[in-house]
Amino acid sequence: MNRLRSAMIVGVVLLASGCGIQPWVKPYERDRLADPIMAWDRDALSSAYLDHVREAREGSRGATGGAGGGCGCN
Amino acid sequence: MHRRLAQRAALALLLLVRATSADVLPDDRADLFYSKYSGGGMDITGESVLVRKKFTENFAVEGSYFVDKVSGASVDVLSNASVIKDERKQKTATVQYLNDKTTYSLSYINSTERDYISNTTHFSLSQSMFGDLTTLTLGWGHTTDTVGENNGTALAWLGHAEDSSYSVGLSQILTKNFIADVNLEVITDDGYLANPYRSIIYVDPSSTKGWGMASQVYPKTRTSTAIQGQAKYFLPWRAAVTGSYRYFHDTWDITGNTYELDYTHPLANIWILEGRLRYYQQTHAAFYANVLPFNGYQNFEARDQDLASAENTTIGAKATYAFLPDGWKMFKRGTATLDISRISYHYLDFSDFKDFQTGYVPGTEPLYHFNATVFQLYFSMFY
């Protein structure tokens, strides 16, 4: 019970401090992050197609940026 | 019959806002896309068009249309004398609404083949926080499928399947040169999950050839969990390197590991060159067997090559050329992109059916491997 209470207190403190977080990378320091070469997916159509090719021959699926249903391919 | 997994891929492009910030909608663009996949006995060509338009700074609509044409079939399908030509048409519509730091996306996807109909609804919410250093994305999707089998002369509808997906993603700016991203997705399936075009092979001493074939029997449910982490770093000479890892496990006992490394290098503000290496490995499903001791050996039986123990390696290159730097009429700029990948597949407990027909005793035939080439060419106009 004490552990639970301690965890709750830590959680509340973290949440409260989170609201007060100051951005350590200022907006004017994000020019490199805004460069197109830093985008996760520059061309979503192409990324989606490559995901399709991979999932057609692999048992794994999901967590690549999309979400939904899927199965095998001929 | 090359089916519903394309729905998943289509959904990947819906999360355009997943990058570094959720408080600006992406630019208007139109894409013309051509693709070709050759390998393992199959040729697949794809043609697609995508149009995206912001009507206000807060509201955008996107639509795409994709046509896949397949000829040939993979070796496990050949074993079942399947049809060898097919076509799939997929339509996608998405609306996005931005409210302060939150982006809402709602999508509908319809995919139709002669023997497969699939409809997906997907909703996602992205929230920027902590001075836009962090973006949290929550997603939910639901798909219904109608599964059929076309034996070349007649079409039989076999059943229905449904799946639901639940995802959460966190993108984080770590330094002015470094961003990271974590995604978790759980997918649950229920219904007819087998592939009607595959068959099991079992030892049959009563047959002169020594083996027989029978239909696959799959479980009617599946739940999978995947978690991916990736990081991207801006190098001092204006280039970017990306590393990613994904862990996958499901209730069919498939465990998968994916590793990828990308390098992106611009040249003179006209070209962006990219190289990538990818390695994937998986264990087989609990009910998979290349050859069963007899038919009915276990309650679930499969010989789908996608469920076998396997590994593959990809080497890829991509070049993007920027044109119209000063714009033209309504267009601000354009790009042309060529992307080529070579994938080498190796199976650890799956063999080519043709080897059974050429006299190998079941269980002694060589393991199957093949190479595939994936070609993409597309033009993008931004306006």
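**Strand pairing in chain B and a buried helix in chain A**

In strand 6 of chain B, B:Gln127 has B:Leu136 of strand 7 of chain B standing opposite. The model discussed here is predicted: local features need pLDDT of at least 70, side-chain atom pairs count only at pLDDT 80 or more, and totals for chains, interfaces and linings use all residues. Residues are numbered from 1 along each chain as its sequence is written, while chains are lettered from A and ligands numbered from 1 in the order in which they are written.

It is convenient to begin with strand 6. Strands (E, at least two residues) and helices (H or I, at least four) are DSSP runs, numbered from the N terminus. Strand 6 of chain B covers residues 116-129, and 14 bridges join it to strand 7 (residues 134-150), the two running antiparallel; strands count as paired if DSSP finds at least two bridges between them. Strands 6 and 7 of chain B form a hairpin with four residues between them, and B:Phe130 in that turn has a positive phi of about 55°. Strand 6 is also joined to strand 5 (residues 102-113) of chain B, by twelve bridges and again in antiparallel fashion. Here the hairpin has two residues between its strands, and B:Thr103 stands opposite B:Ser126.

The side chains of strand 6 of chain B alternate along its length. One face carries B:Tyr116, B:Ser118, B:Thr120, B:His122, B:Ser124, B:Ser126 and B:Ser128, which are buried; the other carries B:Ile117, B:Asn119, B:Thr121, B:Phe123, B:Leu125, B:Gln127 and B:Met129, which are not. A residue is buried if 20 or more other C-beta atoms lie within 10 Å of its own, exposed if 12 or fewer, and partly exposed in between, with C-beta atoms placed from the backbone.

As for chain B overall, three helices and 18 strands make up its secondary structure, and 42% of its 383 residues count as buried. The C-alpha trace spans about 75 × 40 × 40 Å along its principal axes. The radius of gyration of chain B, taken over C-alpha atoms, is 23 Å, which agrees with the value near 21 Å for a compact globule of 383 residues (2.2 Å times the number of residues to the power 0.38).

Chain A, in turn, has two helices and zero strands, and 47% of its 74 residues count as buried. In helix 2 (residues 44-57) of chain A, 13 of the 14 residues are buried, so this helix is largely enclosed by the rest of the structure. The end C-alpha atoms of helix 2 are 21 Å apart, in agreement with the 20 Å expected at 1.5 Å a residue (1.5 Å times one less than the number of residues).
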